[in-house]
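Let us walk through this chain one stop at a time. Keep the 3D view open and turn it as you read.

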Amino acid sequence: MPLHLIKLCVGAESVEDLDQWIRERLAVQAAAGLDPEQTHTTRMIPKRAPEIVDGGSLYWVIKGQVQVRQRILAIRPFKDGDGIERCDLVLEPELVRTAFQPRRPFQGWRYLEAKDAPADILRRRGDDGMPAELRRELQELCLI
């Protein structure tokens, strides 16, 4: 079973907001003649990196709820200009919506065992446009 990471998505108001930010950043890279690649830089380097890159994802907490995940393709440690060790999480730019799962605020990232990860939301005909708030309410009522 893969090991995942979970992190607060600071600044994003919705999954659509995160998706727009990703698309804009990839477009800027492409316009600069670079191979577009989505990365997220973090200060702490996961010690369990081999387990994570073997099918793990980064689960994003948006507005107090896990709502979406991105597959982690690679973890690249590096030293920044001040000599501080950091790492880039290389992410698949595709966002996979998940069942809502409430989370309290925390700093940095945490490991997330596969058994504790929220399930992916399978796209069904007609539900692509369901507002996130309605989806959360329906999940709380155990209707989806």
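Start at H4. The backbone nitrogen of S57 lies 2.9 Å from a polar atom of the H4 side chain. Bear in mind that this is a predicted model. H4 sits in strand β1. Is H4 buried or exposed? H4 has a relative accessibility of 6%, so this residue counts as buried, because buried means under 20%. Now look at what surrounds H4. Leaving out residues up to four places away in sequence, H4 touches G55, G56, S57, Y59, R110, Y111, L112, E113, A114 and A117. Notice that S57, the partner of the 2.9 Å pair, is also in this list.

Step back to the whole chain. Three helices and seven strands make it up. Reading from the N terminus, the elements run β-α-β-α-β-β-β-β-β-α. The chain has 144 residues, and 38% of them are buried. Which residues make the contacts with a separation of 6 or more? Pairs 24 or more positions apart account for 66% of those contacts. The chain exposes about 8900 Å². Carbon and sulfur atoms supply 52% of that area.

Next, find Q38. This residue lies in strand β2. Its relative accessibility is 5%, so Q38 counts as buried. The side chain of Q38 makes a polar contact of 2.4 Å with the side chain of Q70. Setting aside neighbours within four places in sequence, Q38 is in contact with W21, I22, L26, Q70, L89, V90, L91, E92 and P93. So Q70 turns up twice, as a polar partner and in the contact list, where contact means heavy atoms within 4.5 Å.

From Q38, move to R23. The two residues are 15 apart in sequence, and their C-alpha atoms are 9.2 Å apart in space. R23 belongs to helix α1. With a relative accessible area of 38%, R23 is partly exposed, because that class runs between 20% and 50%. Beyond residues up to four places away in sequence, R23 touches P93 and E94. P93 is a contact of Q38 as well.

Now turn to the empty space. Rolling a probe the size of a water molecule over the atoms shows where such space is left. The largest pocket has a volume of about 230 Å³. How many residues line the largest pocket? There are 15, and C9, V10, L18, W21 and W60 lie nearest the centre. W21 is already familiar as a contact of Q38. Three elements, β1 (3–8), α1 (15–31) and β2 (38–42), each supply at least two residues of the lining. These elements include the homes of H4, R23 and Q38. By class, the lining has seven nonpolar, five polar and three charged residues.

The last stop is D80. Where is D80 found? Look in the loop between β4 (65–79) and β5 (85–91). The side chain of D80 has two partners to check. One is I84, whose backbone nitrogen lies 2.9 Å from a polar atom of the D80 side chain. The other is R86, joined to D80 by a polar contact of 2.8 Å between side chains. Finally, compare D80 with R43. They are 37 residues apart along the chain, and their C-alpha atoms are separated by 9.9 Å.

Key:
Residues numbered from 1 in each chain as written. Predicted model: local features only at pLDDT ≥ 70, side-chain atom pairs only at ≥ 80, totals over all residues. Heavy atoms only, no water. 1 Å grid on protein atoms, 1.4 Å probe; cavity = no way out; pocket = protein on both sides within 12 Å on 5 of 7 lines; lining within 4 Å. Points joined across faces, edges and corners; volume = space filled by probe spheres on them. Helix = DSSP H or I, 4+ residues; strand = E, 2+ residues; numbered from the N terminus. Nonpolar A, V, L, I, M, F, W, Y, C, P; charged D, E, K, R; others polar. Polar contact = N/O pair within 3.5 Å; in protein donor to acceptor, adjacent residues only side chain to side chain. Buried < 20%, exposed > 50% of the residue type's maximum accessible area, 1.4 Å probe, protein only. Areas by Shrake-Rupley, 256 points an atom, 1.4 Å probe, with all protein chains shown as cover.
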